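Okay, thanks for making time, everyone. I'd like to walk you through one model today, so let me put it up on the screen.

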Amino acid sequence: MSIILYAIPGFFFLIAAELIAERVKKTNYYRINDAITSLSIGVMSRVMGILKNLVPLTFYVLIFEHLALFALPHTWLTWVVVFIAYDFIYYWNHRFGHEVSLFWAAHVVHHSSEDYNLTTALRQSSGSFFNFIFFIPLAILGVDPLMFIAVASINLVYQFWVHTQHIKRLGVLEWILVTPSNHRVHHAQNQRYLDCNYGGVFIIWDRLFGSYQDELDSEKPIYGVRKALNSWNPFFANIQVYKQLMHDSWHTQKWADKLNVWFGRTGWRPADVDAKYSLSKTDLASFTPFDIAISTRRKFYCIAQYILTATIAVFLMINAGQMALAWQLSIAGFLIFASVNIAWLMEKRPIANYLEIFKLLILFIGLFLVLTN
């Protein structure tokens, strides 16, 4: 069973602890709508991971089986070296994820929250199709797939705890490890903080390659991205930048620019497209997080529906290996639909009430089919 799956109870325990700290310290780091959106995006990411990870993992296995130069032993030293090597490659993968438009289109999902708390850690992309390319060297060097998956999972689990504002600076650890302080910088959209602190576990890569920025007492991080999402929709969060890149690539006149849109520096746009279809960006001097006021009753209903959705998602993660593909696709489709409709309920879209009735009807039919088979 996946390390991530085992870690899920710990994630929610720590989120609950942070919510208690929020109440005790009277901070304002959580908003229900933003937190549910982050958690719904996390559900969608895990569900899509079940369906799409087979292809890149198959490539990794084929390369390992046919092109590996060595057969690495499973010693503690091997595990330590592979863990460090993975984090080094992760640094460059993450850096490309910010500095190249195609990779940013997937990674932007993680940065789209305008809050910063432990739920933000679970706001993961469903569309990172090309990241496995960076890790092919590990297959060639003889890192077997099980070791690769384990190390990658441990790296990702580590990154969860640094998404908090309740832990301040940690002394000498700031020089070695990714900490809440230097990761807050990474999530900020302040000009001074842009494109910094890419490490997964170790911050030393940023110090070595010139991408480190300290968190300054004189400049509080403003979280989010310059082209704000302005939506609670987890599906739209995953396609927002892809949609923009397709638009720009289609409308620019130069053939070279049609390609450069995808592989150029993040934020670059062809001159003809920028002139005709200008984009507004967040004015940080008057920044206000996106918000839609909803009743307490609606908040509790959306929380309950998220818990239901997350429970079904965990059931799918546990049982996917024993399910027919048709059932996997059906449950995945339902979870995406349910997650989107929670967002529409929080955005107070009139159609959401009707779709909610339809969703509950589908749920009852699904339960009946499961219990009678």
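I'll go through confidence, then the cores, then helix 15, then the salt bridges.

First thing to keep in mind: this is a predicted model. The chain averages a pLDDT of 92, and 98% of the residues score at least 70. Confidence is lowest in helix 3, residues 54-67, with a mean of 82. At the other end, helix 8, residues 180-187, comes out highest at 98.

Okay, the inside. The largest nonpolar core has 37 residues, and the ones with the most contacts inside it are Ile15, Val47, Phe160, Tyr306, Leu316, Leu335 and Met346. Two or more residues each come from helix 1, helix 2, helix 13, helix 14 and helix 15. Helix 14 gives the most, nine residues. There's also a second, separate core of 17 residues, with Ile63, Ile89, Val100 and Leu138 among them. If you click on Met346, you'll find that, beyond its sequence neighbours up to four places away, it touches Asn33, Ile36, Thr37, Trp232, Ile292, Ile294 and Cys302.

Now helix 15, which I find fun. There's a nonpolar surface patch of about 1,100 Å², whose members include Trp327, Phe358, Leu367 and Leu371. Helix 15, residues 350-372, supplies the largest share of that patch, 10 residues. Take Leu367: its relative accessible area is 44%, so we call it partly exposed. Now, is Lys359, on that helix, buried or exposed? It's buried, because its relative accessible area is just 1%, and the cut-off for buried is under 20%. Leaving out neighbours within four places, Lys359 contacts Gln305, Phe334, Phe337 and Ala338.

Last topic, charges. The count is 14 salt bridges. Arg31 and Asp115 pair at 3.0 Å, N to O. They sit 84 residues apart, Arg31 in the loop between helix 1 and helix 2, Asp115 in the loop between helix 5 and helix 6. Both Arg31 and Asp115 are buried. Then there's Glu99 with Arg265, at 3.5 Å. Glu99 is in helix 4 and Arg265 in the loop between helix 11 and helix 12, so this pair ties together parts 166 residues apart in sequence. Here Glu99 counts as buried at 18%, while Arg265 is partly exposed at 44%. A third pair is Arg192 with Glu219, at 3.0 Å, and those two are 27 residues apart. And back to Arg31: through shared partners, salt bridges join Arg31, Asp34, Asp115, Arg123 and Asp291 into one network.

That's my tour, happy to rotate the view for anyone.

Notes: Residues numbered from 1 in each chain as written. Predicted model: local features only at pLDDT ≥ 70, side-chain atom pairs only at ≥ 80, totals over all residues. Heavy atoms only, no water. Patch = residues over 30% accessible without salt bridge, like charges linked within 9 Å, V, L, I, M, F, W, Y side chains within 5 Å. Areas by Shrake-Rupley, 256 points an atom, 1.4 Å probe, with all protein chains shown as cover. Salt bridge = Lys/Arg side-chain N within 4 Å of Asp/Glu carboxyl O. Helix = DSSP H or I, 4+ residues; strand = E, 2+ residues; numbered from the N terminus. Buried < 20%, exposed > 50% of the residue type's maximum accessible area, 1.4 Å probe, protein only. pLDDT = per-residue confidence, 0-100. Core = buried A, V, L, I, M, F, W, Y, C linked by side-chain atoms within 4.5 Å. Contact = heavy atoms within 4.5 Å.
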